[in-house]
Amino acid sequence: MKKRIIVTGGAGYIGSHVVKALGERGYDVLTYDNLSTGNRWAVLHGDLVVADLSDSATLERVIRGFRPDAVMHFAASIVVPESVREPLRYYRNNTVNAIHLLEALQKFGVNTFIFSSTAAVYGIPGTMLVNENTPLHPINPYGSSKMMTEYILKDLSVALGDFRYVSLRYFNVAGADREGGIGQAYKEATHLITRALKTAKGEFQKLQIFGTDYPTPDGTCIRDYLHVDDLAEAHILALQYLLDGGRSDVFNCGYGRGYSVREVVGMARKVTGMDFSVEETARREGDPPALVADSSKIREKLGWRPQYDNLEYIVKTAWEWETAKRKT
Ligand code: UFG
């Protein structure tokens with residue numbers, strides 16, 4: 001029998017790529033999304049229920065009707081600087097709504113859960129390469145709100161023997177699927193690659209580089225940029241692992257290689273052929289100097305074999321999406 005999966009946030013950037021991957025693998029998918037940042041057209045498989053996670057009545061009705069074997073929880077607010085300005089909104093959407101979801105799932109005995117966590121839980125790690133045992137010290141409300149949900153999941157798995165989860169800690173997700181007609185569509189996107197490409201396209205006059213005095217070789221922050229299709233594959237593997245009876249666990253998702261902001265800007269100029277303007281400005285609040293994944297655990301334990309560990313490919317697919325994108 002086809003396994004049934006509810007995907008919260010399945011109309012968003014990462015969620016929609018995972019819905020596509022699930023559909024292609026023959027899973028029966030239902031997306032639950034309030035469309036605050038997602039888009040109806042991005043849901044390529046299964047039904048879409050437009051509702052908020054705080055709406056317990058709808059949530060319970062959907063779970064009762066669909067009877068999922070597992071839930072993948074993407075729905076969240078994800079912009080670091082915004083979380084610094086609006087912490088309560090982040091704790092409500094990312095932590096309180098996760099509790100709503102887990103409570104509803106408990107009512108119907110749904111005990112298999114995949115959580116979108118983030119490298120932001122690590123804060124400013126003492127080392128460039130971060131593994132899953134690195135202590136969690138988030139430095140912004142976004143990271144804290146996700147860390148709290150991780151703690152909740154851990155406590156729940158201890159309290160209820162049947163409840164099993166995987167938290168995937170994403171590093172910097174970018175790029176787009178080449179066939180799906182989906183990509184990063186959030187109009188106010190703040191992420192570096194998207195901002196750089198929108199600048200190349202003329203949507204912004206210049207790209208700001210936030211901070212050139214970090215303790216890194218070129219003074220700008222270093223991140224581990226990961227193609228969204230490789231991340232979607234990591235979700236499929238995590239799901240299969242849990243459905244096969246795997247124990248609760250946490251995995252980093254990144255390639256283990258970092259690029260500075262300046263290197264990304266250089267690649268965006270190369271891929272687009274545009275020598276767009278750049279302005280060096282002050283540091284942005286809440287930014288750690290360097291975050292790079294030690295991803296040996298997911299490679300070994302789940303057999304993850306990323307296909308697109310190539311910054312040029314990542315930027316190229318993001319550019320193809322950006323220039324072909326339908327209007328939202
Ligand atoms: N940056 C700029 N100019 C911009 C945008 C970003 O210089 O216009 C810089 C940032 O200061 C940072 C780097 O580019 O140094 C990357 O910033 P992003 O906003 O693209 O991404 P973040 O690293 O802040 O956060 C992202 C996700 C988080 C995740 C984190 C993990 O949004 O969910 O990666 O590394 F936790």
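Student: What makes us say that the ligand lies between domain 1 and domain 2?

Tutor: Happy to start there! In this predicted model, domain 1 (4-174 + 225-253) and domain 2 (192-223 + 256-323) both give residues to the shell around the ligand, so the ligand lies between them.

Student: How many residues surround the ligand, and which are the closest?

Tutor: There are 23 residues around the ligand, and the closest are T118, N172, H191, Q208 and D287. By class, the shell divides into 14 nonpolar, 5 polar and 4 charged residues.

Student: Why is the pair formed by D287 and the ligand called a polar contact?

Tutor: The term asks for a pair of N or O atoms within 3.5 Å. A polar side-chain atom of D287 lies 2.5 Å from an oxygen atom of the ligand, so this pair meets the cut-off. The side chain of R284 also qualifies, with an N or O atom 2.7 Å from a ligand oxygen. For L192 the partner is a polar backbone atom, 2.8 Å from an oxygen atom of the ligand.

Student: How much of the ligand does the protein cover?

Tutor: On its own the ligand has 690 Å² of accessible area, and the protein covers 94% of that. The elements that give two or more residues to the shell are α6 (192-200) and β9 (206-210). The largest share, 4 residues, comes from β9.

Student: Let's stay with α6. How do you know whether T194, in that helix, is buried or exposed?

Tutor: Good one to check by number. Buried means under 20% relative accessible area. T194 has 10%, so T194 counts as buried. Leaving aside neighbours within four places in sequence, T194 is in contact with Q184, A189 and E322.

Student: And what makes H227 buried?

Tutor: The same kind of reasoning helps here. H227, which lies in strand β11 (residues 225-227), has a relative accessible area of 0%. The cut-off is under 20%, so H227 is buried. Not counting residues up to four places away in sequence, H227 touches A174, G175, A176, Y255, Y308, Y313, I314 and T317.

Student: Why is the H227 and T317 pair called a polar contact?

Tutor: Their side chains come to 3.2 Å, and the limit for N or O atoms is 3.5 Å, so the distance fits. The side chain of H227 also reaches the backbone nitrogen of D229 at 3.0 Å.

Student: Back to the domains: what separates their centres, and how many residues take part in the contact?

Tutor: Taken over C-alpha atoms, the centres of domain 1 and domain 2 are 24 Å apart. The contact takes 35 residues from domain 1 and 35 residues from domain 2.

Conventions. Residues numbered from 1 in each chain as written. Predicted model: local features only at pLDDT ≥ 70, side-chain atom pairs only at ≥ 80, totals over all residues. Heavy atoms only, no water. Near = heavy atom within 4 Å. Polar contact = N/O pair within 3.5 Å; in protein donor to acceptor, adjacent residues only side chain to side chain. Areas by Shrake-Rupley, 256 points an atom, 1.4 Å probe, with all protein chains shown as cover. Nonpolar A, V, L, I, M, F, W, Y, C, P; charged D, E, K, R; others polar. Domains from an automatic or database assignment. Buried < 20%, exposed > 50% of the residue type's maximum accessible area, 1.4 Å probe, protein only. Contact = heavy atoms within 4.5 Å.
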